[in-house]
Amino acid sequence: MHTEKESGEKSETEKSPIVINIGYLFGAIMLVVYFGMAYLLLLTDLFKEVFNPALRYAFGILFMLYGIFRAYRFIKYRGYR
């Protein structure tokens, strides 16, 4: 007859704690910021008074493209944290 210790199973109190990778969390938050800024610049009138339309759309597209690039890297390297 095997006990829990002999079979290699851990009890509830001996399980390893959940570790949150701060870099991973920061990357996820920054993705929200990039896509949020792209949305605000391209689809709302919030920055209408600050930027002329060409500059506003250029920065909106830039934020969207960089957000897509970062999302790709975020998903690709998710397993290597």
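Which residues form one aromatic cluster with Tyr34? Tyr66 and Phe69 do, so to speak, sharing that cluster with Tyr34. The views below start with the whole chain and then zoom in. Keep in mind that this is a predicted model.

**Figure 1. The whole chain is a run of three helices with zero strands.**
Reading from the N terminus, the elements simply go α-α-α. The protein has 81 residues, and buried ones make up 14% of them. About 7,000 Å² of the protein is exposed, with carbon and sulfur atoms supplying 66% of that area. Look at the contacts with a separation of 6 or more, and 50% of them turn out to join residues 24 or more positions apart.

**Figure 2. Two stretches carry the UniProt feature "transmembrane region".**
The unreviewed UniProt entry puts this feature at residues 21-42 and 54-72. In the model, residues 21-42 are 95% helix and 0% strand. The end C-alpha atoms of that stretch sit 32 Å apart. Residues 54-72 come out as 100% helix, again with 0% strand, and here the end C-alpha atoms are 27 Å apart.

**Figure 3. Tyr34 and Tyr66 meet edge-to-face.**
Five aromatic pairs are counted in the model. In one of them, the rings of Tyr34 and Tyr66 are 5.0 Å apart centre to centre, with 80 degrees between their planes. This pair ties together distant parts of the chain, since Tyr34 belongs to helix α2 and Tyr66 to helix α3, 32 residues apart. How accessible are the two partners? Tyr34 counts as buried because its relative accessibility is 15%, under the 20% limit. Tyr66, at 39%, counts as partly exposed. Phe69 joins these two tyrosines to complete the aromatic cluster.

**Figure 4. Phe51 and Phe59 make a tilted aromatic pair.**
The two phenylalanine rings are 6.0 Å apart centre to centre, and their planes are 35 degrees apart. Neither partner's burial status is left to guesswork: Phe51 is partly exposed at 27% relative accessibility, and Phe59 is also partly exposed, with a relative accessible area of 34%.

**Figure 5. Thr44 sits in the loop between α2 and α3.**
The loop in question runs between α2 (22-43) and α3 (53-76). Is Thr44 buried or exposed? Thr44 is buried, because its relative accessible area of 17% falls under 20%. The Thr44 side chain reaches back to the backbone oxygen of Leu40, at 2.5 Å. Leaving aside residues up to four places away in sequence, Thr44 touches Tyr39 and Arg56.

**Figure 6. Arg56 lies over the face of Tyr57.**
Arg56 turns up again in this view, placed 5.0 Å from the centre of the Tyr57 ring. This is the Arg56 that Thr44 touches in the previous view.

**Figure 7. Gly60 of helix α3 is buried.**
What is the relative accessible area of Gly60? The value is 0%, so Gly60 counts as buried. Gly60 touches Ala38, Leu41 and Leu42, not counting residues up to four places away in sequence. For Leu41 there is also a backbone distance to look at: the C-alpha atoms of Gly60 and Leu41 are separated by 5.0 Å, although the two residues are 19 apart along the chain.

**Figure 8. Ala71 is another buried residue in helix α3.**
Ala71 has 18% relative accessibility, so this residue is on the buried side of the 20% cut-off. Which residues does Ala71 touch, if those up to four places away in sequence are not counted? Leu31 and Phe35. Val32 is worth picking out in this view too: its C-alpha atom is separated from that of Ala71 by 9.8 Å, with the two positions 39 residues apart along the chain.

**Figure 9. Arg73 is a partly exposed residue of helix α3.**
The relative accessibility of Arg73 is 36%, and that is why Arg73 counts as partly exposed. The C-alpha atoms of Arg73 and Gly27 are separated by 9.8 Å. Along the chain, Arg73 and Gly27 are 46 residues apart.

Definitions and conventions. Residues are numbered from 1 along each chain as its sequence is written. This is a predicted model: local features need pLDDT of at least 70, side-chain atom pairs count only at pLDDT 80 or more; totals for chains, interfaces and linings use all residues. Side-chain values use heavy atoms; hydrogens and water are left out. Helices (H or I, at least four residues) and strands (E, at least two) are DSSP runs, numbered from the N terminus. Buried means under 20% relative accessible area, exposed over 50%, partly exposed in between (1.4 Å probe, protein chains only). A polar contact is a pair of N or O atoms within 3.5 Å; within protein, one must be able to donate a hydrogen and the other to accept it, and residues adjacent in sequence count only if both atoms are side-chain atoms. Contact means heavy atoms within 4.5 Å. UniProt positions are given in the numbering used here, feature names are shortened, and annotations may be inferred rather than shown by experiment. Accessible areas come from the Shrake-Rupley method with a 1.4 Å probe; for residues, only the protein chains shown count as cover. Rings of Phe, Tyr and Trp (its six-membered ring) pair if their centres lie within 6.5 Å; planes under 30 degrees apart count as stacked, over 60 as edge-to-face and the rest as tilted. A charge sits over a ring if NZ of Lys or CZ of Arg is within 6 Å of the ring centre and within 35 degrees of the ring normal.
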